[in-house]
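Student: I have a new model open and would like to learn how to read it step by step. Could you walk me through it?

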Amino acid sequence: MLLTKKSCSPAPRSTCQNEMGDKKLRINPPLYLVGKKIFCWNCEEKMPAIALLAPNITAAEGEICILSDIQELPKDVYFFIKNRVPSFKMKYSKMAGHKYLGNTCPKCGLLSGEFFLHAEPGGPFFPVDENDAKSLYIREIPLTDSINVTASVSTGCGDLILKNAKRLK
(Lines give C-alpha, C1' and ligand atoms only; values in the text may rest on other atoms or scores of the structure.)
Protein backbone atom coordinates (compact mmCIF):
# COMPACT_ATOMS: atom_id res chain seq x y z
CA MET A 1 0.00 0.00 0.00
CA LEU A 2 1.44 3.40 -0.92
CA LEU A 3 1.34 6.56 1.17
CA THR A 4 -0.12 9.78 -0.03
CA LYS A 5 1.51 13.05 0.98
CA LYS A 6 -1.63 14.04 2.90
CA SER A 7 -2.12 10.93 5.01
CA CYS A 8 -0.24 8.00 6.40
CA SER A 9 -3.21 6.25 8.00
CA PRO A 10 -3.42 3.46 5.40
CA ALA A 11 0.32 2.80 5.63
CA PRO A 12 1.45 -0.60 6.72
CA ARG A 13 3.24 -0.23 10.06
CA SER A 14 6.09 -2.68 10.14
CA THR A 15 9.11 -3.61 12.16
CA CYS A 16 12.51 -3.04 10.57
CA GLN A 17 14.98 -5.60 11.80
CA ASN A 18 18.52 -6.30 10.81
CA GLU A 19 19.50 -9.35 8.81
CA MET A 20 19.92 -11.44 11.98
CA GLY A 21 16.27 -10.85 12.93
CA ASP A 22 16.95 -9.23 16.30
CA LYS A 23 16.13 -5.72 17.47
CA LYS A 24 19.71 -4.39 17.41
CA LEU A 25 19.72 -1.45 15.03
CA ARG A 26 22.55 0.61 13.55
CA ILE A 27 21.43 4.24 13.33
CA ASN A 28 23.36 6.80 11.32
CA PRO A 29 22.90 10.54 12.01
CA PRO A 30 20.62 12.40 12.20
CA LEU A 31 18.43 11.18 15.05
CA TYR A 32 15.47 13.25 16.24
CA LEU A 33 13.54 13.62 19.48
CA VAL A 34 9.83 14.03 18.66
CA GLY A 35 7.24 14.92 21.26
CA LYS A 36 4.02 16.50 22.43
CA LYS A 37 1.86 16.78 25.54
CA ILE A 38 -0.76 14.10 26.10
CA PHE A 39 -3.14 13.22 28.93
CA CYS A 40 -2.26 10.33 31.23
CA TRP A 41 -4.71 7.46 30.71
CA ASN A 42 -4.80 6.83 34.47
CA CYS A 43 -4.90 10.19 36.29
CA GLU A 44 -5.66 12.49 33.31
CA GLU A 45 -2.72 14.77 34.18
CA LYS A 46 -1.01 16.42 31.22
CA MET A 47 2.35 14.76 30.56
CA PRO A 48 5.12 14.78 27.96
CA ALA A 49 5.34 11.95 25.46
CA ILE A 50 8.35 11.45 23.21
CA ALA A 51 9.58 9.14 20.50
CA LEU A 52 12.75 8.91 18.45
CA LEU A 53 12.70 9.36 14.68
CA ALA A 54 15.55 7.85 12.66
CA PRO A 55 15.80 8.56 8.92
CA ASN A 56 18.95 6.47 8.48
CA ILE A 57 18.71 2.97 9.92
CA THR A 58 21.01 0.61 8.06
CA ALA A 59 18.48 -2.25 7.78
CA ALA A 60 15.48 -0.04 6.93
CA GLU A 61 16.23 0.36 3.21
CA GLY A 62 15.66 4.13 3.17
CA GLU A 63 12.46 4.17 5.23
CA ILE A 64 12.16 6.82 7.95
CA CYS A 65 11.58 4.90 11.17
CA ILE A 66 9.99 5.75 14.51
CA LEU A 67 11.52 3.88 17.44
CA SER A 68 9.46 2.26 20.16
CA ASP A 69 10.03 -0.45 22.77
CA ILE A 70 13.51 1.00 23.32
CA GLN A 71 15.52 -1.36 25.51
CA GLU A 72 19.00 0.06 25.01
CA LEU A 73 20.37 3.50 24.07
CA PRO A 74 23.88 4.95 24.26
CA LYS A 75 24.31 6.87 27.53
CA ASP A 76 24.88 10.26 25.89
CA VAL A 77 21.66 9.93 23.87
CA TYR A 78 19.74 8.78 26.95
CA PHE A 79 21.04 11.73 29.02
CA PHE A 80 20.16 14.20 26.21
CA ILE A 81 16.57 12.91 26.35
CA LYS A 82 16.44 12.61 30.15
CA ASN A 83 17.59 16.24 30.58
CA ARG A 84 14.62 17.37 28.49
CA VAL A 85 12.02 14.78 29.53
CA PRO A 86 12.83 13.41 33.02
CA SER A 87 9.75 11.17 32.98
CA PHE A 88 11.15 9.09 30.08
CA LYS A 89 12.52 6.12 32.00
CA MET A 90 13.09 2.40 32.11
CA LYS A 91 9.93 0.69 33.40
CA TYR A 92 8.51 -2.82 33.37
CA SER A 93 5.42 -3.30 31.21
CA LYS A 94 3.07 -6.18 32.01
CA MET A 95 1.66 -5.98 28.49
CA ALA A 96 5.11 -6.18 26.82
CA GLY A 97 6.47 -8.59 29.43
CA HIS A 98 9.79 -6.74 29.76
CA LYS A 99 11.38 -3.40 30.65
CA TYR A 100 11.78 -0.62 28.13
CA LEU A 101 12.38 3.13 28.07
CA GLY A 102 8.91 4.59 28.09
CA ASN A 103 6.80 7.62 28.68
CA THR A 104 5.72 7.69 32.31
CA CYS A 105 3.32 10.08 33.99
CA PRO A 106 5.17 12.47 36.34
CA LYS A 107 2.16 12.50 38.68
CA CYS A 108 1.11 8.82 39.02
CA GLY A 109 4.20 7.09 37.57
CA LEU A 110 2.36 4.79 35.16
CA LEU A 111 3.52 4.03 31.62
CA SER A 112 1.63 5.20 28.57
CA GLY A 113 1.44 2.13 26.38
CA GLU A 114 3.43 1.78 23.19
CA PHE A 115 0.33 0.62 21.27
CA PHE A 116 -1.59 3.81 22.10
CA LEU A 117 1.41 6.02 21.31
CA HIS A 118 2.65 4.31 18.14
CA ALA A 119 0.06 1.97 16.60
CA GLU A 120 -3.33 3.68 16.91
CA PRO A 121 -4.11 5.84 13.84
CA GLY A 122 -4.35 9.40 15.13
CA GLY A 123 -2.25 8.50 18.19
CA PRO A 124 0.60 10.79 19.21
CA PHE A 125 3.22 9.18 16.94
CA PHE A 126 0.87 7.86 14.24
CA PRO A 127 -0.43 11.08 12.67
CA VAL A 128 -3.06 10.62 9.97
CA ASP A 129 -2.56 13.99 8.28
CA GLU A 130 -0.42 17.13 8.22
CA ASN A 131 -2.40 18.76 11.05
CA ASP A 132 -1.73 15.81 13.37
CA ALA A 133 1.97 15.97 12.48
CA LYS A 134 2.04 19.75 13.09
CA SER A 135 0.99 19.12 16.71
CA LEU A 136 4.41 17.52 17.32
CA TYR A 137 7.75 19.17 17.97
CA ILE A 138 11.04 17.83 16.65
CA ARG A 139 14.60 18.44 17.86
CA GLU A 140 17.80 16.94 16.49
CA ILE A 141 19.82 14.88 18.96
CA PRO A 142 23.52 15.67 18.49
CA LEU A 143 25.35 12.62 17.14
CA THR A 144 28.93 12.60 15.90
CA ASP A 145 28.83 9.01 14.65
CA SER A 146 26.57 6.02 14.13
CA ILE A 147 25.01 4.43 17.23
CA ASN A 148 23.61 1.02 18.15
CA VAL A 149 20.14 0.85 19.65
CA THR A 150 17.94 -2.03 20.77
CA ALA A 151 14.36 -1.14 19.80
CA SER A 152 11.41 -1.85 17.57
CA VAL A 153 10.61 0.52 14.76
CA SER A 154 7.61 1.39 12.67
CA THR A 155 7.48 2.96 9.24
CA GLY A 156 4.87 4.87 7.32
CA CYS A 157 4.53 8.20 9.17
CA GLY A 158 8.12 9.34 9.63
CA ASP A 159 8.16 11.44 6.48
CA LEU A 160 4.93 13.20 7.49
CA ILE A 161 6.39 14.01 10.92
CA LEU A 162 9.76 15.09 9.55
CA LYS A 163 8.13 17.51 7.08
CA ASN A 164 5.47 18.99 9.39
CA ALA A 165 6.53 18.88 13.05
CA LYS A 166 7.59 22.17 14.67
CA ARG A 167 11.41 22.39 14.71
CA LEU A 168 13.08 23.29 18.01
CA LYS A 169 16.74 24.14 18.54
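Tutor: Gladly! Let's begin with a term we will need throughout: a residue is buried under 20% relative accessible area, exposed over 50%, and partly exposed in between. Take Glu-45 as a trial case: its relative accessible area is 36%, so Glu-45 is partly exposed. Please keep in mind that this is a predicted model.

Student: Thanks. How many helices and strands does the protein chain have, and in which order do they run?

Tutor: The protein chain has 4 helices and 9 strands. Starting at the N terminus, the order is β-β-β-β-α-β-β-α-α-β-β-α-β. Of its 169 residues, 48% count as buried. The accessible surface is about 9000 Å², and carbon and sulfur atoms hold 53% of that.

Student: What share of the contacts between residues at least 6 apart joins residues at least 24 apart?

Tutor: That share is 67% in the protein chain.

Student: Now the strands. How do E2 and E3 pair, and which residue is the bridge partner of Lys-36?

Tutor: For any strand pair, look at the direction and then at the bridges. E2 and E3 are antiparallel, with 8 bridges between them. Lys-36 has Ala-49 in E3 as its bridge partner. The hairpin of these two strands has 6 residues between them, and there Glu-44 takes a positive phi near 65 degrees.

Student: And what does E3 do on the way to E4?

Tutor: E3 and E4 also run antiparallel, joined by 3 bridges. In that pairing, Leu-53 faces Ile-66 of E4. E3 is mostly covered, with 8 of its 9 residues buried.

Student: Which other hairpin should I look at, and what takes a positive phi there?

Tutor: Turn to E5 and E6, where 4 residues lie between the strands and Gly-97 has a positive phi near 80 degrees. E5 covers residues 88–93 and E6 residues 98–103; they run antiparallel and share 6 bridges. Phe-88 stands opposite Asn-103 of E6.

Student: Let's go inside. Which residues have the most contacts in the largest nonpolar core?

Tutor: A nonpolar core is read as a set of buried nonpolar residues joined through side-chain atoms within 4.5 Å. Here the largest one has 26 residues, and Leu-31, Leu-52, Ile-57, Leu-67, Ile-70, Leu-73 and Ile-81 have the most contacts inside it. Two or more residues come from each of these elements: strands E1 (24–27), E2 (31–39), E3 (46–54), E4 (65–72) and E8 (147–155), and helix H1 (75–84). Apart from this core lies another of 20 residues, including Tyr-32, Ala-49, Ile-66 and Ile-138.

Student: What does Leu-73 touch, leaving out residues up to four places away in sequence?

Tutor: Leu-73 touches Leu-52, Tyr-78, Ile-81, Leu-101 and Val-149.

Student: Next, charges. How many salt bridges are there, and what do they link?

Tutor: With a salt bridge, check the N to O distance first, then where the two partners sit. The count here is 4. One of them joins Asp-69 and Lys-23 at 2.4 Å. Asp-69 is in strand E4 and Lys-23 in the segment before E1, so this pair ties together parts 46 residues apart in sequence. Asp-69 has 11% relative accessibility and counts as buried.

Student: Where do Glu-72 and Lys-24 lie?

Tutor: Their side chains form a salt bridge at 2.9 Å, N to O. Glu-72 belongs to strand E4 and Lys-24 to strand E1, so the pair ties together parts 48 residues apart. Glu-72 is partly exposed at 40%, and Lys-24 is partly exposed at 39%.

Student: Which partner does Glu-45, our trial case, have in a salt bridge?

Tutor: Its partner is Lys-107, with the closest N and O atoms 3.9 Å apart. Glu-45 is in the loop between E2 and E3, and Lys-107 is in the loop between E6 and helix H2 (114–118), 62 residues away. Lys-107 is exposed, at 57%.

Student: Finally, how many disulfides are there?

Tutor: A disulfide is a covalent bond between the sulfur atoms of two cysteines. The cut-off for the sulfur pair is 2.5 Å, and the count in this model is 0. For Cys-105, the nearest cysteine sulfur is that of Cys-43, 3.6 Å away. For Cys-108, the nearest is that of Cys-40, also 3.6 Å away. Cys-105 is buried at 3%, whereas Cys-108 is partly exposed at 31%.

Terms used. Residues numbered from 1 in each chain as written. Predicted model: local features only at pLDDT ≥ 70, side-chain atom pairs only at ≥ 80, totals over all residues. Heavy atoms only, no water. Buried < 20%, exposed > 50% of the residue type's maximum accessible area, 1.4 Å probe, protein only. Contact = heavy atoms within 4.5 Å. Pairing = 2+ DSSP bridges. Areas by Shrake-Rupley, 256 points an atom, 1.4 Å probe, with all protein chains shown as cover.
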